[in-house]
2 protein chains.
Amino acid sequence: MSGYSIKNLAGQFGVTPRALRFYEDKGLLSPARRGQTRIYSERDKTRLLLTLRGKRLGFSLEECKEIIDMYDPSQSNDTRQLVRLCQKITEHRRALLEKMKDVEATLKTMDEVEQNCLDKLLKNVAQG
Amino acid sequence: MSGYSIKNLAGQFGVTPRALRFYEDKGLLSPARRGQTRIYSERDKTRLLLTLRGKRLGFSLEECKEIIDMYDPSQSNDTRQLVRLCQKITEHRRALLEKMKDVEATLKTMDEVEQNCLDKLLKNVAQG
DNA sequence: ACATAAATTTACGTTAACGTCAACTTTAGC
DNA sequence: GCTAAAGTTGACGTTAACGTAAATTTATGT
């Protein structure tokens, strides 16, 4: 009785069932099955959240998978793999900090345009 | 003598000439012409910068155009249009602040994973 | 002037990320 | 037990954002 149906989970995130099946095909989700029917767990729900978050930031599904697979608690204990993981994290962090800068730069320009716009409006009120 | 050739400008931003022609087709750039040949101005260069910045943040070229056209100094003085512009800015700012939150959330999760990873590495060193 | 490098248009090809049937099976409420 | 709703697997369609190749014109260095 536990877990979400495909329609339910899709509904929660405002996407279609087709999208969930597609994400599964790409290895982002791996729901259990009751017969043929998919049943999504909390883990699937979390992975879906992270997938959509990644998408909003402009990552491809493939990149999302890489990132999310890192996060997943199925990490090994092998020293080499752990070091490799740390490297990957550092790399991804760089990309994210770049995005952060892009956001900030865009917001700043936006503020300037708004200020200019408000100035013009004030003039219109005074004159017109 | 002033202005950039298509190859030069493309090279400066690490994209192909084809991309610049494509952006022009979509109304993002409108370079001058010497005969048939395109010549890109500083304005074009700025618009290209903003286009690529928008792309990195996951905006479509159409969304980029909307945003960039707002920024452009060819704004009218009509009160209605200025008010409309302010509304658009507010709307876009909301989207950007959302992205910002997504970035922060991802960075936070990343830090946690890294910490967990470093802990495991320490144990490995201690144990051998 | 002439070869070479760069630019142009036209047009078809490609990849990602789903949308949209169709045809069929399964599940759930009454 | 039966019907309607929900789910499943193909398989083909679509849009965005270019890539790529061909055929032709235009600059440029010597």
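The legends below describe close-up views of a predicted model with protein chains A and B and DNA strands C and D.

**Figure 1. The two protein chains are related by a rotation.** In general, two copies of a chain are related by a rotation about an axis and a shift along it. Here a turn of 180° with a shift of 0.0 Å along the axis lays chain A on chain B, with an RMSD of 0.1 Å. The two copies are therefore related as by a two-fold rotation axis. Within chain A, A:Gly58 has the C-alpha nearest the axis, at 1.9 Å from it. Both copies use the same surface, since 100% of the contact residues of chain A recur in chain B.

**Figure 2. Chain A meets chain B.** The size of an interface is often given as the accessible area lost when the parts come together. Between them, chain A and chain B bury about 4000 Å², and 68% of this area lies on carbon and sulfur atoms. Chain A contributes 40 residues to the contact, and chain B contributes 40 residues. There are 7 salt bridges between the two chains. In one salt bridge, the side chain of A:Asp102 meets that of B:Arg56, with 2.7 Å from N to O.

**Figure 3. Helices of chain A form the side that touches chain B.** Across the interface of chain A and chain B, 14 residue pairs are in polar contact. On the side of chain A that touches chain B, at least two residues come from each of α3 (42–56), α4 (61–71) and α5 (79–127). The largest share belongs to α5(A), which supplies 30 residues. By class, the residues on this side of chain A are 19 nonpolar, 11 polar and 10 charged.

**Figure 4. Both protein chains approach DNA strand D.** DNA strand D is surrounded by 18 residues, and the closest are A:Arg21, A:Arg38, B:Thr16, B:Tyr23 and B:Leu61. Of the atoms of DNA strand D that come within 4 Å of the protein, 73% belong to sugar and phosphate. The side chain of B:Tyr23 has an N or O atom 2.7 Å from a phosphate oxygen of this strand. From chain A, a polar side-chain atom of A:Arg33 lies 3.1 Å from a phosphate oxygen of DNA strand D, and one of A:Ser5 lies 3.2 Å from a phosphate oxygen of that strand. Two or more residues of the surface near DNA strand D come from each of α1 (6–13), α2 (17–25) and β2 (37–39) of chain A and from α2 (17–25) of chain B. The element that gives the most is α2(B), with 4 residues. This surface has 8 charged, 5 polar and 5 nonpolar residues.

**Figure 5. Both protein chains approach DNA strand C.** Around DNA strand C there are 17 residues, and the closest are A:Thr16, A:Tyr23, A:Leu61, B:Arg21 and B:Arg38. Sugar and phosphate make up 72% of the atoms of DNA strand C that come within 4 Å of the protein. A polar side-chain atom of A:Thr16 lies 2.7 Å from a phosphate oxygen of DNA strand C, and one of A:Tyr23 also lies 2.7 Å from a phosphate oxygen of that strand. From chain B, the side chain of B:Arg33 places an N or O atom 3.3 Å from a phosphate oxygen of DNA strand C. The elements giving two or more residues to the surface near this strand are α2 of chain A and α1 (6–13), α2 and β2 (37–39) of chain B. Of these, α2(A) gives the most, with 4 residues. The surface near DNA strand C has 7 charged, 5 polar and 5 nonpolar residues.

Notes: Residues numbered from 1 in each chain as written. Chains lettered and ligands numbered in written order. Predicted model: local features only at pLDDT ≥ 70, side-chain atom pairs only at ≥ 80, totals over all residues. Heavy atoms only, no water. Contact = heavy atoms within 4.5 Å. Buried area = accessible area lost by both parts, 1.4 Å probe. Salt bridge = Lys/Arg side-chain N within 4 Å of Asp/Glu carboxyl O. Polar contact = N/O pair within 3.5 Å; in protein donor to acceptor, adjacent residues only side chain to side chain. Nonpolar A, V, L, I, M, F, W, Y, C, P; charged D, E, K, R; others polar. Near = heavy atom within 4 Å. Least-squares fit on C-alpha atoms with pLDDT ≥ 70 in both.
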